[in-house]
Amino acid sequence: MKLTVVGCSGSFAGPESPASCYLIQAEHEGRDWNLLLDFGNGALGVLQRFLDPAALDAIVISHLHPDHCADLSGLHVIYRYHPQSDEPLTVPVWGPPGTDLRAARAAGVTDEEAEDPDLLRPEFDFRDLVDGGSFEVGPFTVTSYRVNHPVTAFGLRVEADDAVLAYTGDTDSTPALTPLLAGADVALMDSAFCEGRDDEVVGVHLTGRRAAEAAVTAGGVKRLMLTHIPPWNDPQCCHDQAAAVWPGDVELAQPLTSYEI
């Protein structure tokens with residue numbers, strides 16, 4: 001399984017990276033399968049460096065803040081209007097309940113369209129994530145866990161080829177991180193907040209320290225990779241706060257970089 005960080009900037013696109021978007025690939029039945037986790041603002045342009053968007057097999061949206069779903073609108077334009085498309089394109093899109101209406105409100109050009117949850121169908125086949133539910137896409141088994149964020153949000157556990165990627169999406173500390181992270185080969189974890197600066201804000205994001213604590217508690221995590229770091233953060237601060245707890249090397253997700261899992 002290969003992870004490509006299309007974008008990892010926290011809360012908004014930064015000068016070096018789009019907002020959250022992760023491409024997961026694995027070979028199965030004689031071809032490569034392509035799974036996208038989140039599709040934040042700025043991601044569509046960079047994704048095309050790695051993949052024809054028409055080759056996506058599925059998209060999973062962790063939650064409906066724009067830095068995780070805004071570029072669905074642009075992708076829909078490609079799927080519906082590309083002049084070289086020989087036949088209609090459809091991709092399944094998993095997300096929290098209401099993803100269809102949220103995407104329509106971003107894409108609609110009239111008031112009526114913006115309130116039509118069917119506006120982006122059939123190109124997007126919307127399906128709801130549920131807490132503890134699993135589904136399969138080619139070689140991938142995806143399990144979603146409800147996490148701790150101001151809107152309905154899910155962490156995503158992706159398994160393929162005896163490898164496990166655990167992606168927290170956006171969350172603060174929660175018991176749900178234990179089954180999400182347990183035994184993961186890579187734990188890709190929100191680290192938007194900093195100890196000593198954001199202590200009074202709860203239920204939104206992890207710090208590097210809280211991310212590391214959750215990975216240690218879950219047990220069996222092989223690699224800790226921090227992500228969703230806003231441009232105003234010093235990444236070294238997030239790294240060092242995690243390193244004070246994590247017994248191994250702390251990695252920082254790098255945009256436009258691929259990792260073998």
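**Exercise 1. Find out whether Glu 29 is buried or exposed, and say what its phi looks like.**

Step 1. Glu 29 is exposed, because its relative accessible area is 69%; the cut-offs are under 20% for buried, over 50% for exposed and in between for partly exposed (1.4 Å probe, protein chains only). This is a predicted model, in which local features need pLDDT of at least 70, side-chain atom pairs count only at pLDDT 80 or more, and totals for chains, interfaces and linings use all residues. Residues are numbered from 1 along each chain as its sequence is written, and side-chain values use heavy atoms, with hydrogens and water left out.

Step 2. Now place Glu 29: look in the loop between S2 and strand S3 (31-37). Helices (H or I, at least four residues) and strands (E, at least two) are DSSP runs, numbered from the N terminus.

Step 3. The phi of Glu 29 is positive, about 50°, although the residue is not a glycine.

**Exercise 2. Describe the backbone at Ser 11 and at the bond from Arg 121 to Pro 122.**

Step 1. Ser 11 also has a positive phi, near 75°, and is not a glycine. Its loop runs between strand S1 (2-7) and strand S2 (21-28).

Step 2. With 34% relative accessibility, Ser 11 counts as partly exposed.

Step 3. Turn to the peptide bond from Arg 121 to Pro 122: this one is cis, and omega is near 5°. Pro 122 sits in the loop between helix H5 (111-114) and strand S6 (124-128).

Step 4. For background, most residues other than glycine have a negative phi, and most peptide bonds are trans.

**Exercise 3. Which residues of helix H8 are buried, and what do they pack against?**

Step 1. H8 covers residues 235-243, and its buried residues are Cys 238, Gln 241 and Ala 242.

Step 2. Viewed down the axis of H8, these buried residues fall within an arc of 100°, so they line one face of the helix. The arc is taken from the directions from the helix axis to the C-beta atoms. As a reminder, an α-helix has 3.6 residues a turn, so residues three or four places apart point the same way.

Step 3. Their packing partners are helix H7 (208-218), strand S12 (223-227) and strand S13 (250-252), where contact means heavy atoms within 4.5 Å.

Step 4. Finish at the N-terminal end of H8, which Asp 234 caps: one of its side-chain oxygens lies 3.0 Å from the backbone nitrogen of Gln 236.

**Exercise 4. Work out the strand order of the open sheet with seven strands, and where H8 meets it.**

Step 1. The order is S7-S8-S9-S10-S11-S12-S13, with mixed pairing; two strands pair if DSSP finds at least two bridges between them.

Step 2. Strand S7 (134-137) and S13 stand at the edges with a single partner strand each, so one side of each is left without a neighbour in the sheet. From one strand to the next, the twist averages 20°.

Step 3. Zoom in on S12 and S13, which pair in the parallel sense over three bridges. Leu 226 has Leu 252, in S13, as its bridge partner.

Step 4. H8 packs on the sheet by touching S12 and S13, and its direction makes about 155° with that of S13. Axes here are lines fitted to C-alpha atoms, for helices over the stretch in contact, and angles run from 0 to 180 degrees between N-to-C directions.

**Exercise 5. How many salt bridges does a search of the whole structure find? Trace those of Asp 185 and Glu 195.**

Step 1. The search finds 14, a salt bridge being a side-chain nitrogen of Lys or Arg within 4 Å of a carboxyl oxygen of Asp or Glu.

Step 2. Asp 185 pairs with Lys 222, their closest N and O atoms being 3.7 Å apart. The two partners are 37 residues apart: Asp 185 lies in the loop between helix H6 (177-181) and strand S11 (186-190), Lys 222 in the loop between H7 and S12. Asp 185 counts as buried at 19% relative accessibility, whereas Lys 222 counts as exposed at 55%.

Step 3. Glu 195 forms a salt bridge with Arg 209 at 3.2 Å between the closest N and O atoms, and another with Arg 210 at 3.8 Å, N to O. Arg 210 is in helix H7 and Glu 195 in the loop between S11 and H7, 15 residues apart.

Step 4. Salt bridges with shared partners join Asp 172, Glu 195, Arg 209, Arg 210 and Glu 213 into one network.

Notes: Polar contact = N/O pair within 3.5 Å; in protein donor to acceptor, adjacent residues only side chain to side chain.
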